[in-house]
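Visitor: I am new to this structure and would like a close look at one part of it, the empty spaces. Please take me through the pockets and then the cavities.

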Amino acid sequence: MEGMNVFAARLFPKDNRFVSGHRACQGCAEVLAVRLIHQILGRNTMVASATGCMEIISSSYPDTAWSIPWIHVAFENAAAVASGIEAGLQILMKKGRMPKRKINVVGMAGDGGTADIGIQALSGALERGHDMIYICYDNEAYMNTGVQRSSSTPYGASTTTSPAGKISIGQQTWKKNVTMIAAAHNIPYVATASPSYPFDLAEKVRKAAKVKGPAYLHVYSACPTGWRLDPKLAITIGRLAVQTGAFPLYEIENGKLKISVKTPKLRPLQDYTKPQGRFRHLDDATIAEIEKRLFEEYQKLERREGLIF
Amino acid sequence: MEQRLGLEASIAIAEVVCRCDVDIVAAYPITPQTHVVEHLSELVADGELDAAFVPVESEHSAMSVCCGTAAVGARTFTSTAAQGLALMHEILFIASALRLPIVMAVANRSLSGPISIWNDHSDVMTERDVGWVQIFAENAQEAADLTIWSFRLAEDRRVSLPVMVNFDGFILTHTIEPMLMPDKEMVQAFLPPWEPLLKLDVDEPISMGPVGIPDIYTETKQVQQHLLTQAYGPIVETLNEFAQHFKRTYKPIETYRSDDAEVLLCTMGALSETAMEVVDRRRKQGQKVGLVRIRLWRPFPFEDLYRAVGNVPVLGVMDRAISFGGPVGPVASEIKAAFYHREQRPKIVEFIAGLGGRDVPLSDFGRMFDSLYTTGETGKIPAPTIIGLRE
């Protein structure tokens, strides 16, 4: 695979807390991200999951893929439920009703559950400063309900509610930048990550778990089913997303931005859009327009690098 | 030990919540609930209540936070009203399905629109079917007592369900009344620490809130229905224990001078006390009128209702909400349904009163009783009437 570093499985902890037998689609990079993240976080972790793909595929009663405490309440409130778990654990430890120990509290949702319906609960939880990790698994549309557009769907992508048609290019709005919205809460750690860069992902998860206070991870989650992508390309596409600037990897630690995978010269966007059915209808002019925008966005990141904001 | 104090029902509730040693209060301010959460914030700020106050950004998140805190085994309290309760709607079903013993005081208020901050029961009637135990208080003492009792019932392993304590906005929330406030020792002798049967625990991991495929969804609903109806036994039992401990008795359905009554009026909440005054006056004039006061709304105490109503020929039902385009009064429709299969059933007359803070003076209750007598004499049941409507 082009540009792929050697993935040394032995560098990841063996303790797998998200086990096989779940119902994810073939080539789902989101479920891979979930597994890798929980290999890092380990057994002292509790998860509040939003409604969505990961909840549906992992918890069909009486089966469960979770061997750590896991709760699903509703769609828009993963951040609120996680903040409740954190507040509950803190007070019970303070009152001596349970032994004091470090427990990672994780709220997880898709891009719909984060950028759209869950953004209020997320903002509230981040503002209140709970010691928790919020993870947005971004597959850029409502995949669980059948590929409807979200505010995280990229410009030009065809979805079932932003279909490309005779007079439409598909999604006509630009992807909402939830990572920067999270950063605007002045929380100690914010990062984008991708299972296509497993070691970078692992490092970011470790940092997110280590900081005191809220951490936000925005994880690129290739969806072969929704993107009409060959499942065997799910990892490759994640690397192309970084190399073309479609999904840059960076972190903001205590307000300081650092680009994680530097891409001095962005690859042509065609390399990223071509394998994906959701972009296949786009003409050269539109691709060029998107390319220009992604280039500008990447430049903005470069300008911000090292600055405290 | 109990101390005689003059307190708003709101402050009384906050004070007993403090004595219940709750771990978490997660709430969002809304009139007329504000005094409850303001006072709880003060108690936390002064270190009198060793709890975390989670100042959420909405009621939806308030109930969501409560689900998270109760899931890890923290004793959890919240309070809301009207639009706030409506915003929680979605999560209320889930809290009961997850069997989380959250206690919530609802300062009953009308629903928008038009926006109205004043009292009626349209908020709670909309949440009738959420699977919570629902109980009504008539005064500050009851609001406080039933809050203490709610924790005991909710955490009873035979029940393990959330409980809603309804107390009328402004009429109770903002009115100072004399009451007996038990001290912490007395409350805690009645309410032992909560030991959850199941909780989120890294040493014994469980998955909560999984997908219910068609193969099991029906069974989960059957279990919920069974649990809530079977909660009746523990409800009566714990209310009796409350009576032994605090010397104040509460029953699922209460009556007032109903034994030899010719007509009965069914009420719920604080206006029952006004109705009692009218009953006394009418009795002095020789009219044998009485009251049936519904305290426990869910699970609905059918047998208690039949006993309370007895053989009375005419029963009026005063509703504080409207089921639009349907059977008009939600409580009346429930009571009609309860009597449908009974051989012995009264003529049921529906009244709607006190919507959106409209006063229900003594004279309005007088009109209701007059109407009940007319129904008895003519045998004709009038159409549902909105009492106090301006022409």
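Guide: What follows goes through the open pockets and then the enclosed cavities. The model is a predicted one.

Start with the largest pocket, which holds about 1300 Å³ of space. Its lining is made up of 39 residues. To find the middle of this pocket, look for Ala97(B), Leu98(B), Gly209(B), Pro210(B) and Thr220(B), the lining residues that lie nearest its centre. Three elements of chain B each supply at least two residues of this lining: α4 (82–97), β9 (207–208) and α8 (214–230). Of the elements, α8(B) gives the most, with 7 residues. By class, the lining of the largest pocket has 22 nonpolar, 10 polar and 7 charged residues.

For the second largest pocket, turn to chain A, where Lys175(A), Ala246(A), Pro248(A), Leu294(A) and Glu297(A) are the lining residues nearest the centre. The space in this pocket comes to about 570 Å³, and 29 residues line it. In chain A, α6 (178–183), α10 (270–273) and α11 (284–304) are the elements that give two or more residues to this lining. The most comes from α11(A), which gives 7 residues. The lining of the second largest pocket divides into 15 nonpolar, 6 polar and 8 charged residues.

Now to the cavities. The structure holds 2 cavities of 30 Å³ or more.

The largest cavity has about 50 Å³ of space. Its lining can be traced along chain A: Lys102(A), Ile103(A), Asn104(A) and Val105(A) belong to it, as do Asp131(A), Met132(A) and Ile133(A), and also Ala208(A), Ala209(A) and Val211(A). Two elements of chain A, β3 (104–110) and α7 (198–210), each supply at least two residues of this lining. Sorted by class, the residues around the largest cavity are 7 nonpolar, 1 polar and 2 charged.

The second largest cavity, with a volume of about 30 Å³, is lined by residues of chain B. These are His121(B), Met125(B), Met268(B), Met318(B), Asp319(B), Arg320(B) and Val331(B). Its lining counts 4 nonpolar, 1 polar and 2 charged residues.

To go over the ground once more on the structure, begin at α8(B) for the largest pocket and at α11(A) for the second largest pocket. Then find β3 and α7 of chain A for the largest cavity, and end at residues including His121(B) and Val331(B) for the second largest cavity.

Note on methods: Residues are numbered from 1 along each chain as its sequence is written. Chains are lettered from A and ligands numbered from 1 in the order in which they are written. This is a predicted model: local features need pLDDT of at least 70, side-chain atom pairs count only at pLDDT 80 or more; totals for chains, interfaces and linings use all residues. Side-chain values use heavy atoms; hydrogens and water are left out. On a 1 Å grid over the protein atoms alone, a cavity is a set of points where a 1.4 Å probe fits but cannot get out, and a pocket is an open set with protein on both sides within 12 Å along at least five of seven lines; lining residues have an atom within 4 Å of a point. Grid points are joined across faces, edges and corners, and a volume is the space filled by probe spheres set on the points. Helices (H or I, at least four residues) and strands (E, at least two) are DSSP runs, numbered from the N terminus. Ala, Val, Leu, Ile, Met, Phe, Trp, Tyr, Cys and Pro count as nonpolar, Asp, Glu, Lys and Arg as charged, and the others, Gly among them, as polar.
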